[in-house]
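Trainee: I should like to go through this model with you, beginning with the ligand site and then turning to the protein interior. May I see the structure?

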Amino acid sequence: MSDTAKLIYKGAEYELPLIYGTEGDDAIDIRNLRNQSGLITFDPGLGNTGSCQSEVTFIDGEKGILRYRGISLDALEHHPNFVEVALMLIFGELPSKAQYERFSTSLTNNANLDEDMKHHFAGFPRSAPPMAVLSAMISTLSCFHPEFLELEDATQVERVAARLISKVRTLAAYAYRRSLGLPYNYPDPSLPYVSNFLHMMFSEPYRQYSIDDEVLAALNMVLILHADHEQNCSTSTVRMVGSSGANLFASCAAGVSALWGPLHGGANMAVIEMLEAIHNGNMTTEEYVALAKDKDSPVRLMGFGHRVYRNFDPRATILREVSEKLLERMGRKDPLLSIARKLEEIALKDSYFIERKLYPNVDFYSGIILRAIGIPTNMFTVIFAIGRLPGWIAHWYEQKRQVYTGNKQSAYTVRTKRGW
Ligand code: CMC
């Protein structure tokens, strides 16, 4: 097999080297194209362009496959643990018990905010969009942790990752409490990561939030499923900002801004707004689908379609199951779930969606789960950001590549078999 591709332009022939991805997604290396031929390439939206090589995440959009560091998502379903997945994404391998415990301790020790940071919350109007608050406050962290503006080694990366992953949930919970005029809850050092987030969100000075195992598993799974998705809009933003040498806080604050848009992370809010509008009788599901197909209308079926997937988004399939199970165990019915199912059913049979290969994406069912947990709609994209943070950190740290060169599909070894 030749290791080059040939380009013929104005009678001249140019040899362009090939780069081989481990999962068969090979690429033509055009780094010298302009020097050799004077040509540049044109690919708005980068649909045909690998911006980097990466070992973090593999997606096969045609087949609906998503793997983190070679591990399929469904393997992570059985004992969902967001912190374990975060470590794996950032450092490349499933953590040992010692690594996990060191990182968890670091998460616990860094959950609190500097008291001076709390004054910043008071400066925002109560009605401030939580994504604006989150982006600003992540940026503000760089003022309070100047020791992490330049990193020297992997130990420091682990320390700053723990700080950021820990504090982001405190920032998110405080943004929520502030918007309602409620007192902030200090983090509880006896609680692990996700439980502590729920406590900071929902405990009251007069009533401790009671943590339900099903809710915990569902929220862990939501965070895991959002944890990375290779070179999407926000991750590319984090890498782009980081490529200037900008620190992790500044890079991730930019990632939050990129995530905010309704065609990216903001779609999870838009889905619930769409389902609520249908529920409130503004429109039937059939009318809504007709409007989403109408080229004279700007309406889209939110939570449908994906830049990469031309098949089922595997995250949507898992989240649909999680939402159904959670509501059943909680003994609740959510009319929005029935509407979502009906929309899905109509769309999957409709030639418009079939021909364009539009399927439910990660945002289609996530909101139903977050609603059941009691998280308000305007916080949904913030939850996405908390989940995506390990992915941003992993890419910021890797900062080199994305022709997938990571592990081929590999097995998930349960924790007990890894000696813990
Ligand atoms: N409803 C109706 N039509 C759609 C939809 C939709 N949700 N998505 C795509 N189309 C149509 C679009 O109008 C176009 O039709 P035509 O060829 O006749 O002009 C065709 O499908 C291709 O659309 P596109 O915008 O070129 O496709 P894309 O791959 O660039 O866009 C997308 C991907 C996610 C922006 C788009 O599908 C969309 O807007 N979906 C709704 C918003 C959404 O759910 N976003 C969440 C994405 S997943 C979470 C994340 O990663 O953040």
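Trainee: How many residues surround the ligand?

Mentor: This is a predicted model, in which local features need pLDDT of at least 70 and side-chain atom pairs count only at pLDDT 80 or more, while totals for chains, interfaces and linings use all residues. Residues are numbered from 1 along each chain as its sequence is written, and side-chain values use heavy atoms, with hydrogens and water left out. A residue belongs to the shell if one of its heavy atoms lies within 4 Å of the ligand. The closest are His-264, Lys-295, Arg-300, Leu-301 and Tyr-352, and the number of surrounding residues is 22.

Trainee: Which residue offers a polar backbone atom to a nitrogen atom of the ligand?

Mentor: Polar contacts here are pairs of N or O atoms within 3.5 Å; within protein, one must be able to donate a hydrogen and the other to accept it, and residues adjacent in sequence count only if both atoms are side-chain atoms. Oxygen atoms of the ligand are approached by polar side-chain atoms of Arg-307 at 3.1 Å and of Asn-361 at 2.9 Å. The nitrogen atom lies 2.9 Å from a backbone atom of Phe-304.

Trainee: What share of the ligand's exposed area does the protein bury?

Mentor: Accessible areas come from the Shrake-Rupley method with a 1.4 Å probe. Taken alone, the ligand exposes 930 Å², and the share buried by the protein is 77%.

Trainee: Which helix gives the most to the largest nonpolar core?

Mentor: Such a core is a set of buried Ala, Val, Leu, Ile, Met, Phe, Trp, Tyr and Cys residues joined through side-chain atoms within 4.5 Å, where buried means under 20% relative accessible area (1.4 Å probe, protein chains only). Among the 116 residues of the largest one, Tyr-68, Met-274 and Leu-275 touch the most other members. Helices are DSSP runs (H or I, at least four residues), numbered from the N terminus. With 12 residues, the leading contributor to this core is helix α6 (residues 154-180).

Trainee: Why does Lys-118 count as buried?

Mentor: Lys-118 is found in helix α4 (residues 115-122). Counting heavy atoms within 4.5 Å as contact, Lys-118 touches Asn-112, Leu-113, Tyr-174, Tyr-184 and Tyr-186, leaving aside residues up to four places away in sequence. Its side chain also makes a polar contact with that of Tyr-186 at 3.3 Å. Lys-118 counts as buried because its relative accessibility is 11%.

Notes: Buried means under 20% relative accessible area, exposed over 50%, partly exposed in between (1.4 Å probe, protein chains only). Helices (H or I, at least four residues) and strands (E, at least two) are DSSP runs, numbered from the N terminus.
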